[in-house]
Amino acid sequence: MKSTNTKYSIYVIELNPKVLKIKKFRDKNPDFIAGKPCVYVGYTSLTPEERFAEHKAGMRKGSLRWHNPYAKKFGIRLKPRLFNHQNNQKMTQQEAIDMEIEKARRLRKRGYAVWQN
């Protein structure tokens, strides 16, 4: 069980545009503007760098998958400019979840193709 003192943060991973070949991804982004970035938005109790490494390694704990298949296969790099300013505060898990959802909404509004769980 996570301590109530655990600090959560959000992160944004740039995805290779080849992810747009996947219908399920395209369908989640009907307002995508060609040439805008494709990204994955998540939250974590780790550092964004540690979490990105887990995605790329395809981490698993028993039957639980700790990575997103789009982030694993198409993840290029973190985009700290898109999230560092939100991480200057101590967030609870629920606040980080809410921030993740809001960040994804705002990026989609700007024409990005976004995957967010």
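**Exercise 1. Which residue in β6 stands opposite tyrosine 40, and how do β2 and β6 pair?**

Step 1. Tyrosine 40 faces tryptophan 115 of β6. Strands here are DSSP runs of E with at least two residues, and helices are runs of H or I with at least four residues, both numbered from the N terminus. The model is predicted: local features need pLDDT of at least 70 and side-chain atom pairs pLDDT 80 or more, while totals for chains, interfaces and linings use all residues. Residue numbers start from 1 along each chain as its sequence is written, and side-chain values use heavy atoms, without hydrogens and water.

Step 2. The pairing of β2 with β6 is parallel and has four bridges. Two strands count as paired if DSSP finds at least two bridges between them.

Step 3. β2 also pairs with β1, in the antiparallel sense, through seven bridges. Within this pairing, glutamate 14 has valine 39 of β2 as its bridge partner.

Step 4. Six of the seven residues of β2 are buried. Buried means under 20% relative accessible area, exposed means over 50%, and partly exposed lies in between (1.4 Å probe, protein chains only).

**Exercise 2. Where is threonine 44, and what does threonine 44 touch?**

Step 1. Threonine 44 belongs to strand β2. Its relative accessible area is 5%, so threonine 44 is buried.

Step 2. Apart from residues up to four places away in sequence, threonine 44 touches Lys7, Tyr8, Ser9, Tyr11 and Arg51. Contact means heavy atoms within 4.5 Å.

Step 3. A polar atom of the threonine 44 side chain lies 2.9 Å from the backbone nitrogen of leucine 46.

Step 4. Take serine 9 next, which sits in strand β1. Serine 9 counts as buried because its relative accessibility is 7%. Not counting residues up to four places away in sequence, serine 9 touches residues including Thr44, Leu46, Pro48 and Ala96.

**Exercise 3. Which residues of helix α2 are buried, and why do they lie on the same side?**

Step 1. In α2 (residues 48-57), the buried residues are Pro48, Arg51, Phe52, Glu54 and His55.

Step 2. These residues lie on the same side of α2 because they cover an arc of only 155° around the axis. The arc is taken over the directions from the helix axis to the C-beta atoms.

Step 3. Packed against the buried residues are β1 (9-15), β2 (38-44), α3 (69-74) and β5 (75-78). On the face turned away from the buried side are the exposed residues Glu49 and Ala57.

Step 4. Glycine 58, just after α2, has a positive phi of about 70°.

**Exercise 4. What span does helix α4 reach, and which of its residues are buried?**

Step 1. α4 (residues 93-109) has 17 residues and reaches 24 Å from first to last C-alpha, close to the expected 24 Å. The expected span is 1.5 Å times one less than the number of residues.

Step 2. Ala96, Glu100, Lys103, Ala104 and Leu107 are the buried residues of α4. Down the axis they fall within an arc of 100°, so they line one face of the helix.

Step 3. The cover over this buried set includes β1, β2 and β6 (113-116).

Step 4. Glycine 111 follows α4 and has a positive phi, near 95°.

How values were computed. A polar contact is a pair of N or O atoms within 3.5 Å; within protein, one must be able to donate a hydrogen and the other to accept it, and residues adjacent in sequence count only if both atoms are side-chain atoms.
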